[in-house]
Amino acid sequence: MSNPHNPHNASTVTADLASDAPQIPEPQVREVTAHSIPGGLGLLLTVIGVIVGIGLAVGGGIACSNKNYGVGVPVLVLGGLLVIASFFCMTGVKMVAPGEARVIQLFGRYVGTIRADGLRWINPLTSSREISTRVRNHETAVLKVNDAYGNPIELAAIVVWKVEDTAQALFEVDDFLEFVATQTEAALRHIAIEYPYDAHEEGGLSLRGNAEEITEKLAVELTARVQAAGVRIIESRFSHLAYAPEIASAMLQRQQAGAVVAARQQIVEGAVGMVEMALTRIAEQDIVELDSERKAAMVSNLMVVLCGDRAAQPVLNTGTLYQ
């Protein structure tokens, strides 16, 4: 099986990303910074406007009470209009919390985004929508799909992401939360059908054995899929990976058989080395001379003892070496 940290495998995976990534249309709108002033200054000016308007209205009322209508009526009207305008301008004061942004629209047209937290004053004729720019987690449900060999498997993933472009998130897709969830499931299914759960051939990529390369490809494919929504994928990881229940027992037997074969192969290789060493030492130290037939019998007995899964039963020979 290939090494998960092999740079050759990582470059091979990255080279295939361009062909796998879907073609996303160019965005019609991108985020820009909206024009605004500090909210404290805007609030202070509107309060001053209300006080001045009330003062003018009071002065106009006094002038009208003295029957000076030529001055009193215009001043009274001007004061009333100033009070109304000041209260209306107060609606332009918006509060932006940390980790949030406000998307500003003027009669339906996007004019910009405010990311600076605190009080900000904007054109009161505009409307604003809050959108979170915090880092988010999305965990998919456990999906049941067929791997590259056609075996049913279950898998799920956790994706860490955040909104990078607020304008694209709100105006390029209907619902960016649902869009991210749907595209995550689509990318996860696409990855699952491209690779087997366990690779049968030497050097092949598998979901279980090469999780680092596979999740790297999942992250890059997700980035290509959700870039239309102005979303940046920070990390993606498998949270669940297993064979489907209907074949889990059969695959477990297969894995156990593979483990037994591998163990037996290692035992046989060690036993052959020990027999070779024993014959060499006997010949070097001239302990006893063995002809080909005796050597074959000795090799056979040693291999049975060393490779057997039960304790050997010794047999004492009371005759000669050949009887």
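Student: In which helix is lysine 217 found?

Tutor: This is a predicted model, in which local features need pLDDT of at least 70 and side-chain atom pairs count only at pLDDT 80 or more, whereas totals for chains, interfaces and linings use all residues. Residues are numbered from 1 along each chain as its sequence is written, and side-chain values use heavy atoms, with hydrogens and water left out. Helices (H or I, at least four residues) and strands (E, at least two) are DSSP runs, numbered from the N terminus. On that basis, lysine 217 is found in helix H7.

Student: Does lysine 217 count as buried or exposed?

Tutor: Buried means under 20% relative accessible area, exposed over 50%, and partly exposed in between, with a 1.4 Å probe and protein chains only. Because lysine 217 has 2% relative accessibility, it counts as buried.

Student: With which side chain does the side chain of lysine 217 make a polar contact?

Tutor: A polar contact is a pair of N or O atoms within 3.5 Å; within protein, one must be able to donate a hydrogen and the other to accept it, and residues adjacent in sequence count only if both atoms are side-chain atoms. At 2.7 Å, the partner of lysine 217 is glutamate 194.

Student: How far apart are the end C-alpha atoms of helix H6?

Tutor: The expected span of a helix is 1.5 Å times one less than its number of residues. Helix H6 has 19 residues (176-194), so it should span 27 Å, and the distance between its end C-alpha atoms agrees, being 27 Å.

Student: Which residue caps the N-terminal end of H6?

Tutor: The capping contact reaches the backbone nitrogen of leucine 177, which lies 3.1 Å from a side-chain oxygen. That oxygen belongs to aspartate 175.

Student: Which residue meets arginine 189 in a salt bridge?

Tutor: A salt bridge is a side-chain nitrogen of Lys or Arg within 4 Å of a carboxyl oxygen of Asp or Glu. The partner is four residues away in helix H6, so the two are separated by about one helical turn. Arginine 189 is partly exposed, at 33%, and the salt bridge (3.4 Å, N to O) joins it to glutamate 185.

Student: Which residue forms a salt bridge with arginine 225?

Tutor: Arginine 225 counts as buried at 15% relative accessibility, and its partner in helix H7 is four residues away, about one helical turn. With the closest N and O atoms 3.2 Å apart, that partner is glutamate 221.

Student: Which residue does glutamate 212 meet in a salt bridge (3.2 Å, N to O)?

Tutor: The pair links distant parts of the chain, with glutamate 212 in helix H7 and its partner in strand E10, 25 residues apart. Glu212, Glu235 and Arg237 are also linked in a network of salt bridges. The partner at 3.2 Å is arginine 237.

Student: What is the angle between the planes of tyrosine 197 and tyrosine 243?

Tutor: Rings of Phe, Tyr and Trp (its six-membered ring) pair if their centres lie within 6.5 Å, and planes under 30 degrees apart count as stacked, over 60 as edge-to-face and the rest as tilted. The structure holds three aromatic pairs. One of them is tyrosine 197 with tyrosine 243, a tilted pair that is 4.1 Å centre to centre, with the angle between the planes being 40°.
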